[in-house]
Amino acid sequence: MRSFGWGASTGATSRDLSAEGNETSQTSLRTEVQPLLGKEASPPTAFQAPESHRSGPSMPPNEPVAEELVQLLTVDEIAEMLLKAELPKLRRVLRKLQLQRPELFDAAAMAQVEKEVKAEEKEEKNMENGQRQALLAKKGIKLTAQGVTVMADLLEPDDSHQEELRRDDEEADILQKQSMLTQLDDAPLVQFNAPLHFALEGEDVVAISVIRLGRLDKPSAVRFETSDASAVAGLKYEAAEGILEFRINQTAAQIKIRISQDDRWDPDLDFKVHLLPEGLVGARLDKYLSMTRIKIIDDDCFPTNTHRECLDSGEIEGLVPITLYKEYLRGCAQNPALRKNFMKFLMAQQVSNFCSFAKMLAHTFLLDVILSPNPPENWKFGMGQHQLLMCLVWISMLVFAGLHFLNYLKLTWGLPGMATRNLQVALVRKFFSYNEISMHSMERGRLINSLTLNCPAIVEHGLMSVLELSQALGLFINILLYNIVGPMMFNTQCRLMPLLSLMVLPLILVIAFRLRFPLTKRHLTEVYGAQVVAMEQVTEAIRNFHLVSDYKKRGSVSDEFMSLLVAVGLKNKGLKLVLMNNSYIAPWVLLLYLVLYVVHEGAHVMDGDLTVGIFMVDIHNFITLGATVGMVFQLFEHIEIILPLLEELARFLNMETDTLNRHELAKHQQEFTAKQWKKAMAPAGSKSVAAADDHDHALEAFDRLPITVENISLGFGLASVIIKQGQLVSFIGPTGGGKSVLLQLLGGAKLPKKNAEGGKPCVFNVPSHLRVLHVPAEPLFFKGTLLQNLTYGVMPGDEDGDIGRIEKILVKLCVKQHVIDMIVQEKSLDWGVVLSPTTRNLLSLARALVANPELICVHKPTELLDQENAMQVLRTLRSFVRKRGVEQDPATFGNRRPRTCIFTSSKKYGVEISDKVFNVSRTGVEEVNKTEVTSSMLN
């Protein structure tokens, strides 16, 4: 049967066929019809059909050809053809033909058929073949001699899509003509030249281009201003605002923003620049490119640049762990926000230490003055003991309330949360910028472990431990001062034993810590390694759940995970035993010291050489000192715990990224786009844009800029291709020929190599103003509502995310109604599991159409679809190209830039609907005529 496809018909349907063409057409028709009749087809004669670019069903040939066809097809054959074809399809075609070509039909017979159709439709479903044959005979569909010629077309696949395509083209032509009329008086469009810009931290100024499209015969002006995103004005860049003016015939202007320079490490941060509608003169703002983001590329290492060579080379193991920890603290001190909160914490802790010193003196005063039967007169302050007691109680309560409030304030400052958030956000940002090598070498289980567990642990036991150590040091100084000041205030002798104990006790504990450190570190390393292995195992099992389920490995995977958990438990048990023994070192040392102190100093109390107050406060202080030294011992253990975690975090945060490559590519594309636009704007023989008679010349030249690829490596050869904007393009070719790689390059999922093979100059230019979306073959969804997933590429508040528009797009893509109904539901589900593979593919494509980019690169959009739904999906993509978006306001057609869709196809109908077809193979990329596509190209 002849294929009337999507965009072209190659059958011999012209009214001017030669005699040879008539004879060949008859033979070909007979050959195509025979499979329906179940008879052997006679061999067709060789001929080359003339090329035709008509869409839709072909027109019938002239009368002489029809007379010849009558001799080829008997009445019985026609009846059998009608019987074997689908009756509903035939009825639709017959009705359409009756309206278009009434001369082909017997009017009375067709009128009778129309009356009987409704009543017979219910019966047709249960008809036997004999009944259906009888019905056809009853209807007596009579065709004239010329009508017989159309029978082959009736038996072709339903060509309703051809009519829809023709209608889409007509609507697009109308929109184009209307936009040309309305744009004559419209103000020009003003927009940024790219949705994303890059700035190096070492650059003083970043220049951002703003372009003007449309009428250039009048001046224009637009206000701009910057706004913070992850980068803060004053720290990473200087805020800017002002008015950008365009003179007559001026198409581009620049906004310059200063970038701050420092040696402090930060993740790659960004800020925004907006073109404002307020104060707009002689111009209109583009809907999508009235805002651009500037990404500041930080050139420093984490945590500092002190050991840059080791950090850049990835040889972090060469650093002494405690050295890396010191640099981490130094890096935190370089962060203004962290440094400010850290100093506030430090001052609050010293206030608490001062209160502890006052508390020591108050306790001595209570025992030796207020509660003493013979208090010294110089400490009464003119009050009785009862009054002094009440004053001390009230002062103690006020101090306690003040400390409570101070601790409350410390929580509101949020130092641990801020420091943890900085590390976690930096790790996420770094992960999204990894190049392919880093992605492949990075272990996801370790990354997740580092993000969720290690970052909080590093802050809690690394940064906050410094504050706790400073507090312990302050307490040690308070006890030392008390042992000097206390005896002087209460008229007793200064004793040597307490002073020596302040030196000896910490020294003993430090020696014990150093002796126990190797054993503790070994157990810590074993526990952490076992935890990481278990984490990686469960991560892989979850990621490959369907593989585990399909191969009935759930039990074995669970058993393997259980064995890993048992190993973790055993190693954790050994670690806890070691840590428990470590925790008893300080109490044992303290107990032995207190025994000696009580025996020695107690005798002085009994002899009257030492007051009870000082004796009791000394005992309390030594107990406190022992607990503090034990806490310090644990703090050192915690620091030892986080050293391998910090080392791994440093490795993650210093891995190679593709940010610099993307910066170079973006810069190249912006320069190449500007150069090509300038070249396209200047008509032949003219020297400036002003020489163009058409005011829209700049806009038309801008929309004509092609997607250019020259000598780009696909891994096994070089590829070159030029694609005009505003086209539906299909990539075909053998498996492994490079279709997916080329599509990933165009979609921005992969970056092209800088230098082509063989030293050939390479060019890779997707015009910089195009918003590009890459739709992978494997659809991805995050856990959230279906509406959130479908509007993932839409800015908040944008009308592109309107529910009504989304529903219409889903209907066009043949998504089932029960799935469409889920849009308004607030269910947060794992859509990658809930939905079928076919539905996931359709929703992934719908998400891209909802975002409405200028360029969509789609992998295998019809792979899982039957032909009917596949043709409807391709028609929707074609409509996206023709109408510059799907379900967009027709009145804004002229303000929208051309849409381009590039997809991979292995089906004939995918080729036929395309405007351009490129065969991608290991020998290169070449454009092919749709009529020349072979089955080997579609593998």
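**Figure 1. The kink in helix H21 of the predicted model lies at Leu-643.** The bend at Leu-643 amounts to about 30 degrees. The proline Pro-644 follows shortly after this position. Helix H21 covers residues 612-653, 42 residues in total. From its first C-alpha to its last, H21 reaches 58 Å, which is close to the 62 Å expected at 1.5 Å a residue.

**Figure 2. Helix H21 also takes part in the largest nonpolar core.** This core has 45 residues, and its largest share, nine residues, comes from H21. The residues with the most contacts inside the core are Phe-302, Tyr-328, Leu-415, Leu-423, Ile-458 and Leu-649. Other helices that each supply at least two residues include H11 (321-334), H14 (415-432) and H17 (496-543). In soluble globular proteins, nonpolar side chains tend to be buried together.

**Figure 3. The second largest pocket has a volume of about 800 Å³.** Its lining consists of 31 residues, of which Cys-355, Ala-358, Lys-359, Ala-362 and Ser-396 are the closest to the centre of the pocket. A probe the size of a water molecule, rolled over the atoms, shows where empty space is left.

**Figure 4. Four helices each give two or more residues to the lining of the second largest pocket.** These elements are H12 (336-370), H13 (385-413), H16 (444-489) and H21. Helix H12 provides the largest share of the lining, 13 residues. By residue type, the lining divides into 21 nonpolar, nine polar and one charged. Helices H12, H13, H16 and H21 each supply at least two residues of the largest nonpolar core as well.

How values were computed:
Residues numbered from 1 in each chain as written. Predicted model: local features only at pLDDT ≥ 70, side-chain atom pairs only at ≥ 80, totals over all residues. Heavy atoms only, no water. Expected span 1.5 Å × (residues − 1). Bend = angle between axes of the 7 residues up to and from the residue. 1 Å grid on protein atoms, 1.4 Å probe; cavity = no way out; pocket = protein on both sides within 12 Å on 5 of 7 lines; lining within 4 Å. Points joined across faces, edges and corners; volume = space filled by probe spheres on them. Nonpolar A, V, L, I, M, F, W, Y, C, P; charged D, E, K, R; others polar. Core = buried A, V, L, I, M, F, W, Y, C linked by side-chain atoms within 4.5 Å. Buried < 20%, exposed > 50% of the residue type's maximum accessible area, 1.4 Å probe, protein only.
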